[in-house]
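Me: I would like to take a close look at a single part of this model, and I would be glad of a careful, connected explanation.

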Amino acid sequence: MVTEILQLLLNGAMAGTILAVPAIGLTVIFAVLRFANFAVASHATIGAFAGYVANVSFGLPVLPAIVVAFLVAGLVGLATDELILKPFRAAGFITTAIGSIALTIGLENVVRFAFGNDLRGYDLPLMRDWRFAGLRVGPQQVENLAIALAAMAAIFAFLAFTRAGKAMRAVADNPTLAGIKGINDKTIARTVSFVGMGLAGLGGMLLGLDTTIDPLTGFRAILSIFAAAVVGGLGSVPGAVVGALVIGIGEEMSLVILSPNYRSAVGFLAILAVLTIRPRGILGQRAY
Amino acid sequence: MENYLIAMAVSAGLYALMALGLNVIWGMAGQVNLGLVGFFAVGAYVSALLTLKLGAPIAAGVVAGALAAAAVGAVVSLVTARLRGDYLAIVTLGFAETIRIVASNEIWLTNGTDGLSGIPGPFRAALTPEQFNLFYLCLVAALVIVVFALIDRLAHAPFGRVLRAIRDDEQATAVAGKYPLAFKVKAFAFGSAALGLSGALYAHYTSYIAPDLFLPLLTLYIKLALLAGGVGNNRGAVLGAVVVVTFLESTRFLVPLIPGLSHVQGAALREFIISAALIVTLRLRPQGLLPEARMHPVLEKEK
């Protein structure tokens with residue numbers, strides 16, 4: 001029993017680390033552009049499929065394929081934000097959020113049009129699971145974990161040390177003041193769309209590496225992604241990591257008492273609980 | 001063909017009921033609700049289960065479905081009362097998904113993803129299918145008229161004025177001595193009742209419901225209907241529902257005309273066209289075909 005619970009904890013921590021990647025994407029977009037971008041779902045799907053094409057059609061190994069996933073999802077995010085979502089922002093966050101739902105369904109169907117509804121798997125080398133102290137870990141899971149951690153380290157370094165990253169934090173903190181200091185908010189909006197959606201795409205591929213992908217890959221994860229970002233505090237990058245771990249572990253631990261099908265309801269309950277008890281999330285900003 | 005047109009008119013009526021419900025919640029009270037399909041599902045399941053499992057009369061089932069949706073709406077609205085709009089969007093969307101998950105998994109009650117079939121329809125046995133369709137159309141049309149009259153009355157009553165005042169400036173309304181939370185909860189419950197009523201009528205019309213019928217796309221259709229018709233305007237809600245159903249059905253005929261598309265590609269293209277239509281409508285004519293009589297703050301200026 002103890003081993004089983006430890007196994008669930010381990011699985012949850014790994015799932016949470018992977019979930020943190022798209023959750024950071026969502027939260028940086030919220031921090032700078034101030035709207036809940038539901039299009040994260042379709043960009044996760046696009047990343048997963050871009051990585052699939054690179055991996056299966058072009059025979060690239062996982063690492064370069066995941067770079068492709070990041071770049072393609074980031075570029076699509078940049079283009080769709082510029083052409084479709086940007087004009088909505090002047091009309092307010094709710095119009096933008098509805099627009100982003102329409103966008104996510106539109107993009108999802110572009111993927112469905114091109115690839116169909118079939119489940120697809122990545123071309124991965126078969127490896128035996130590692131065992132220690134009664135716990136089981138797949139080598140692929142460890143690689144995914146390493147990729148997720150590397151992506152997070154890169155985004156933290158980007159935000160902490162680069163000029164563009166500092167400018168992004170400045171705009172998130174106080175757009176007016178950032179403008180006075182000569183930070184170009186258009187450039188920042190483009191950077192954040194590219195990076196945020198790129199992370200969503202990378203996360204989509206990481207989610208798919210464990211199982212299979214189909215056009216609904218991103219949409220199925222959206223509740224967990226939003227839950228992670230909201231639980232940690234929308235707009236807070238460290239919050240998204242903490243929130244993702246909470247949701248990842250919570251979803252796995254729920255298996256002890258609930259049927260596996262209720263996993264995705266855990267995210268919703270977590271959102272409700274956090275918003276009722278601590279509306280700004282664990283580390284983040286106010287929800288009202 | 002006539003049967004098809006009648007069936008289309010029935011679904012336009014069901015959409016109109018939902019758009020009217022949304023108009024109370026969003027158009028009048030200015031509350032975000034992206035979980036419309038959840039309330040629709042609650043109405044459908046409650047009515048279907050009561051008539052199937054307990055043998056309740058259909059009318060009682062429909063009323064219970066609407067009341068259950070209203071109760072759920074009141075609870076959702078109370079729980080989310082303090083939340084800002086974008087959080088409310090997430091929570092309501094999550095709510096609808098959770099309803100669907102529950103409906104898929106509580107197999108002992110809802111028969112899971114296989115759905116409930118054989119839901120009774122009023123006088124279905126006594127009428128031919130054509131007569132039943134026509135009868136149901138009259139029933140739905142009558143209910144649309146009743147709900148429309150009720151909501152329109154509400155919009156012109158002091159209650160409706162307070163709702164619009166809350167939508168435009170909640171603080172000022174509170175200062176004027178109205179308690180916004182009570183009004184918002186009532187508006188949410190009332191709108192949800194219309195959504196639940198529509199769901200219950202849907203269940204008894206098609207005689208079959210399953211979790212897969214209650215996807216977020218339906219929420220988008222209703223948003224599109226209200227946006228096309230005019231947010232805040234009840235006539236606009238009905239007109240928008242007719243426009244959207246006509247549009248949805250015409251894509252059903254037009255898409256197969258494109259040669260060389262597989263079934264999945266056709267379905268994907270339809271959904272793509274619909275989401276593109278929503279984006280274009282939001283962008284070009286956010287006030288709808290029949291705008292509310294004056295500037296519309298929900299869309300013009302948000303906090």
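Which residues in H2(B) meet which residues in H3(B)?

Reply: Please keep in mind throughout that this is a predicted model. On the side of H2(B), the residues that take part are Phe39(B), Val42(B), Gly43(B), Ala44(B), Val46(B), Ser47(B), Leu50(B) and Thr51(B). In H3(B), they meet Ile58(B), Ala60(B), Gly61(B), Val62(B), Ala64(B), Gly65(B), Ala66(B), Ala68(B), Ala69(B), Val72(B) and Gly73(B). Sorted by character, the residues of this contact divide into 13 nonpolar and 6 polar, with no charged residue in the contact. As for the geometry, H2(B) covers residues 36-53 and H3(B) covers residues 58-79 of chain B, and the two helices pack at an angle of about 145 degrees with their axes 8 Å apart. The crossing in which H2(B) passes H3(B) is right-handed.

From this pair of helices we can turn to a single residue of chain B, Ala194(B), which lies in helix H9, residues 180-206. Ala194(B) counts as buried because 33 other C-beta atoms lie within 10 Å, where 20 or more are needed. Leaving aside residues up to four places away in sequence, Ala194(B) touches Leu17(B), Met18(B), Leu20(B), Gly21(B) and Val147(B). Its C-alpha atom is separated by 11 Å from that of Val146(B), although these two residues are 48 residues apart along the chain.

Still in chain B, Phe123(B) lies in the loop between strand E1 (116-117) and helix H6 (129-156), and its phi is near 55 degrees, which is a positive value in a residue other than glycine. Most residues other than glycine have a negative phi. Phe123(B) counts as partly exposed because it has 13 C-beta neighbours inside 10 Å.

Chain B also touches chain A, in a contact that takes 35 residues from chain B and 40 residues from chain A. The elements giving two or more residues to the side of chain B are helix H4 (85-105), helix H10 (216-229) and helix H12 (263-284) of chain B. The residues on that side of chain B divide into 20 nonpolar, 7 polar and 8 charged, whereas the contact of H2(B) with H3(B), described above, has no charged residues.

Methods
Residues numbered from 1 in each chain as written. Chains lettered and ligands numbered in written order. Predicted model: local features only at pLDDT ≥ 70, side-chain atom pairs only at ≥ 80, totals over all residues. Axes fitted to C-alpha atoms, helices over the stretch in contact; angles between N-to-C directions. Helix = DSSP H or I, 4+ residues; strand = E, 2+ residues; numbered from the N terminus. Left-handed = near helix turned anticlockwise from the far one by under 90°. Contact = placed C-beta atoms within 7 Å. Nonpolar A, V, L, I, M, F, W, Y, C, P; charged D, E, K, R; others polar. Buried ≥ 20, exposed ≤ 12 C-beta atoms within 10 Å, placed from the backbone.
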